[in-house]
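Here is a short tour of a two-chain model with its ligands. Have the structure open as you read, and let us walk through it together.

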Amino acid sequence: MEYLPNILFAIVLIIGIGFFFKNVKKLSRNIKLGKDVDVSDNKSQRWKNMARIALGQTKMVVRPIAGLMHIIVYVGFVIINIEVLEIIIDGVLGTHRIFAPLGALYDFLIGSFEVLALLVIVAVIVFWIRRNIIKLKRFIKPEMDGWPKKDGNMILYIELVLMLLFLTMNAADFQLQQLDAAHYTKAGAFPVSQLIAPLFDGMSISNLILVERTAWWLHIIGILSFLNYLYYSKHLHILLAFPNTYYGKLTPQGKFNNVEAVTNEVKLMMDPSADPFAAPTEDAPDPEKFGASDVMDLNWVQLLNAYTCTECGRCTSECPANQTGKKLSPRKIMMDTRDRLEEVGKNMDANKGEFVEDGKQLLGDYISHEELWACTTCNACVEACPVSIDPLSIIIEMRRFLVMEQSAAPMELNNMMSNIENNGAPWPYNQMDRLNWVNE
Amino acid sequence: MSEELNVKTMEAFMAEGKQPEILFWVGSAGSYDDRAKKISRAFVKILNKANVEFAVLGPEESCTGDVAKRAGNEFLFQMQAMMNIEILNGYEIKRIVTCDPHSFNTLKNEYPGLGGNYDVVHHTQFIKELMDDGRLSVKGEFYKEKRITFHDPCYLGRANSVYDAPREVLKKTNANIIEMKRHKKAALCCGAGGAQMFKEPEKGDMDINVLRTKDALDTNPDIIATGCPYCNTMMTDGIKAHEKEGSVSVLDVAELIANAEGL
Ligand code: SF4
Ligand code: SF4
């Protein structure tokens, strides 16, 4: 019986981490549904970007209040992991505050966790007020209705509860230490929790232990649940921001890729020695689909982008089309891509890992033509994204599908394109008149 | 009719067995659009004044295909690009200057992947170079005391991080350069990019150029300076929408320099 808590703890831990890895596997399978793209270049630049943007949070501070609050929560999250490590070791071994022999360093660590916990509570409250009372414009766009809004608040509540549990646990522990309770090593500094400790004045040791243990258990269960909640939440970004910034676009923002399949066809068309009527050889691969109408047509970095999106709406609030009331919202492009990818993933789960045609696709069922054609390709969304997401690349892939596979461009654009084809200019003028401006 | 401009085609250089210092890529807007033609002319006046030996392709130039690419027509883009590259490579062109940030971007970033490698420069960068090298100077007081605000074109600024050249050139006019609230990286689009120039905007509460022109008007300018023919059109229309065409003008950086020099 003595080992019951340890065994229980081990079971909880294994279940928690097991589920997490199951989700990670699903995540990586879904991302790999995307087309391959070579991102093995410029490793040093990529590491630098990751260090600067994900670790260093350089893009967050473009908006100082949100940036500062975010850094607090982020540092709190990173540091709290040291605490979690201790909890896990204690849980498995049945020890208490196993790192206590670190002495002064330990006091400092626990003390700083407490201060951070308090700062996190403050930040969480500020975040909550911005979302629910001030109602910052970018948090109340139509794409945020329903789950995204709930998700945003939910995470704040979870963080608040976790921090409060942590402080309660320490406050009870502090009391137990004062009372010389067995097992409760005198260790740690409690700059914040000692302020709430008086709440427990006069409580018996056994009741204090009950409080301390309850808070301890809830704290670790809470952390494990949080870990498993991530997959379903925009909070996946706390993990994916790192690979995502690593794989982020390195070339100038204005540079769009030159579709290789098109290059081959154009070369063939322009090659005077090629036989235009030659029948395709037997083993010729299926002609490639141009552009993207569904998530599988996008590349895996674009799909990773979709899972990384934090739904912060910085892209949308900078988007000129969105600011002037058009339907386009780059954030919605990312959210739609993720939703559709999840739907495809669920479809595969239900069909033994094979995707069964469901009569739906990203284009049309999620993203409308109207949204796609409203984009000015200005790159403001790309610039604004704090985690190096490129919504514009998805918009362009879908335009490519509309134009090259479906000839479904707006009529005026079709006119413009046939002018280019016929006259070498978007306007219907004669190419021979190209120099008239000199003498006008 | 205005005064003679000295413009030679690449074909003429070839006939003389010479290579020009630069190729001036005029672009479709610069060749055909009435407003943009004035920018081409102003830039040529500057080149003539600084004794730059430059060539144009004339009837051999074709649309870069940029706008087709942004609209999603990769086929058309690559056809245009490959045709242009064949001509440019045939003439062994090394250096290209253009007044159009869209041509600038695609020639610089997207042509290399298709076999076209050139040193591509925006005209504001080239004007700055001429000034730095002492080949061109602005002594005039023409714009002294005037308030000028510069609108960053997306395809020059955010797309290629060129922010300083146009500003440094403008400073030479002795005008007051005032920044809009959103500028450089944070600049708002004029609304023309991504093929929007050639179609009606989608439904919304406002047109983008009207919003952007408001940013500019908030600086209380005498002149809105642009570095892109499409921005120029958009801001000019924006001024009209705000009924400010009597008091505020929209001029390309090249035009400002040409005017300051009395060219
Ligand atoms: S590139 Fe398109 S989606 Fe992104 S901000 Fe500009 S207009 Fe909006
Ligand atoms: S794409 Fe980037 S900027 Fe836009 S909502 Fe997602 S994380 Fe925020």
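## Where the chains meet

Let us begin at the interface: 60 residues of chain A and 73 residues of chain B make up the contact. Please keep in mind that this is a predicted model. Putting chain A and chain B together buries an area of about 5,700 Å², and carbon and sulfur atoms account for 64% of it. On the chain A side, three residues are worth picking out: Trp427(A), Arg434(A) and Trp437(A) supply 15% of the area that chain A buries against chain B, more than any other three residues.

## Polar links and the chain A surface

How many salt bridges are there between chain A and chain B? The count is three. One to look up pairs Arg400(A) with Glu74(B), where the closest N and O atoms are 3.4 Å apart. In addition, 37 residue pairs are in polar contact between chain A and chain B, counting those with both residues at pLDDT 80 or more.

Which elements of chain A give two or more residues to the side that touches chain B? They are α9 (260–270), α12 (320–323), α15 (369–373), α16 (380–384), α17 (391–405) and α18 (411–423) of chain A. The most comes from α9(A), with seven residues. Sorted by class, the side of chain A that touches chain B has 31 nonpolar, 15 polar and 14 charged residues.

## Around the ligands

Next, the ligand shells. Ligand 1 is surrounded by Cys319(A), Pro320(A), Leu328(A), Pro330(A), Cys375(A), Thr376(A), Thr377(A), Cys378(A), Asn379(A), Ala380(A), Cys381(A) and Ile395(A). Nine residues of this shell are nonpolar and three are polar, with no charged residue.

Around ligand 2 there are 13 residues, and those that come nearest are Cys309(A), Cys312(A), Gly313(A), Cys315(A) and Cys385(A). Helices α11 (314–318) and α13 (330–350) of chain A each give at least two residues to the shell around ligand 2. By class, the shell around ligand 2 holds eight nonpolar, two polar and three charged residues.

## The chains one by one

Chain A has 18 helices and zero strands. Its radius of gyration is 28 Å, well over the 22 Å that the globule rule gives for 440 residues, so chain A is more spread out than a compact globule. Along the principal axes, the C-alpha atoms of chain A fill a box of roughly 95 × 55 × 40 Å.

Chain B contains eleven helices and nine strands. Here the radius of gyration is 18 Å, close to the 18 Å that the globule rule gives for 263 residues, so chain B is as compact as a globular protein of that length. The box filled by the C-alpha atoms of chain B, taken along the principal axes, is roughly 50 × 45 × 35 Å.

Definitions and conventions. Residues numbered from 1 in each chain as written. Chains lettered and ligands numbered in written order. Predicted model: local features only at pLDDT ≥ 70, side-chain atom pairs only at ≥ 80, totals over all residues. Heavy atoms only, no water. Contact = heavy atoms within 4.5 Å. Buried area = accessible area lost by both parts, 1.4 Å probe. Salt bridge = Lys/Arg side-chain N within 4 Å of Asp/Glu carboxyl O. Polar contact = N/O pair within 3.5 Å; in protein donor to acceptor, adjacent residues only side chain to side chain. Helix = DSSP H or I, 4+ residues; strand = E, 2+ residues; numbered from the N terminus. Nonpolar A, V, L, I, M, F, W, Y, C, P; charged D, E, K, R; others polar. Near = heavy atom within 4 Å. Rg over C-alpha atoms; globule rule 2.2 N^0.38 Å.
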